[in-house]
Amino acid sequence: MSGFSWSDPNFRQRVITALVLAPLAIFAVLTLPTLWMALLFGVLLLAGAWEWTRLIGFRRRRLRTIVVALNAALMLTLYLLFEPGQWPWPIWLGAAWWILALFWLRAFSFAATPSTTHLEIKVLAGSLAIVPAWWAGLWLHELDRYGLWFLFVVLLVWVADIGAYFVGKRFGSHKLAPRISPGKTREGVYGAMAGGLLFGFAVAPLLGAARPDWLAFAFLLMVTVIFSVVGDLFESLIKRHSNIKDSGTLFPGHGGVLDRVDSLLAALPVFATGLMIVGL
């Protein structure tokens, strides 16, 4: 295969980092109670919110801290006053936001200039991406005693990402969004969808899915994978606006927290909303 090799230091670093992070993430999801999962996942996403404030142009640490603190306060309020299964509105709001994000991707230059209004729009966009994803993660984690549906979405995104990477590198020739992310191809998206479908149909029966409408479930898998790509592209768009390559340097070969969870931010509320509709 062309485009990737173990002799490539960047590719090797990405693989090693993934091999370290994946078992830790799986262990956390399977063993932690929802309270601790809410805390750990919340801290992770708030770290992403901190990176987001840098991406959108905030330089003063005080302003960045205020934005992160407001998101943390919103998460805490939701957790103390409501149950994810009884108050799904934030999840639905998150899914609706990612539909709007599709239109933003088409309008490449929207909010690109660093005006106060554009900064406010991007602060709101970050909160609409982060808080609903966190709430959707808790809802999925509570569906069974081991958090398997939450893990399912995490692995679905990983498998789709791997499928997109390898198929795109090997067969990619048609650019998906060259102004936003020149490396992404339509063939890569097809690889992501194929990987997601194979993974979903292989694993869903093991989670105790009660004979769902498999056609509807296949549609949900494809939509979730597509929106995982949208999440990735949206972060890339904001990085293009700011002329920044990575959101951070926390994970060698992978960038920052947002670079690792951008797809998951979109996939979680979209999948959770679809799961409520399909009713597994």
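How do the residues of the lining of the largest cavity divide into nonpolar, polar and charged? In this predicted model, the lining has 7 nonpolar, 2 polar and 2 charged residues.

The structure holds 1 cavity of 30 Å³ or more, and the space in the largest cavity is about 80 Å³. Its lining consists of W52, W98, G126, A129, I130, G231, F234, E235, L258, D262 and L265. Two or more lining residues come from each of α5 (116-141), α8 (214-242) and α9 (257-278).

The model also contains 3 salt bridges, listed here with the N to O distance.

| Pair | Distance |
|---|---|
| K184 and D232 | 3.4 Å |
| E235 and K239 | 3.9 Å |
| D259 and K239 | 3.0 Å |

K184 and D232 join distant parts of the chain: K184 sits in strand β2 (residues 181-185) and D232 in helix α8, 48 residues apart. K184 is partly exposed because its relative accessible area is 21%, whereas D232, at 15%, is buried.

E235, which helps line the largest cavity, belongs to a network of salt bridges with K239 and D259. Within helix α8, E235 and K239 are 4 residues apart, so about one helical turn separates them. Both E235 and K239 are buried. D259 lies in helix α9 and K239 in helix α8, so this pair ties together parts 20 residues apart in sequence. D259 counts as buried because its relative accessibility is 7%; the relative accessible area of K239 is 10%, so K239 is buried too.

Definitions and conventions:
Residues numbered from 1 in each chain as written. Predicted model: local features only at pLDDT ≥ 70, side-chain atom pairs only at ≥ 80, totals over all residues. Heavy atoms only, no water. 1 Å grid on protein atoms, 1.4 Å probe; cavity = no way out; pocket = protein on both sides within 12 Å on 5 of 7 lines; lining within 4 Å. Points joined across faces, edges and corners; volume = space filled by probe spheres on them. Nonpolar A, V, L, I, M, F, W, Y, C, P; charged D, E, K, R; others polar. Salt bridge = Lys/Arg side-chain N within 4 Å of Asp/Glu carboxyl O. Buried < 20%, exposed > 50% of the residue type's maximum accessible area, 1.4 Å probe, protein only.
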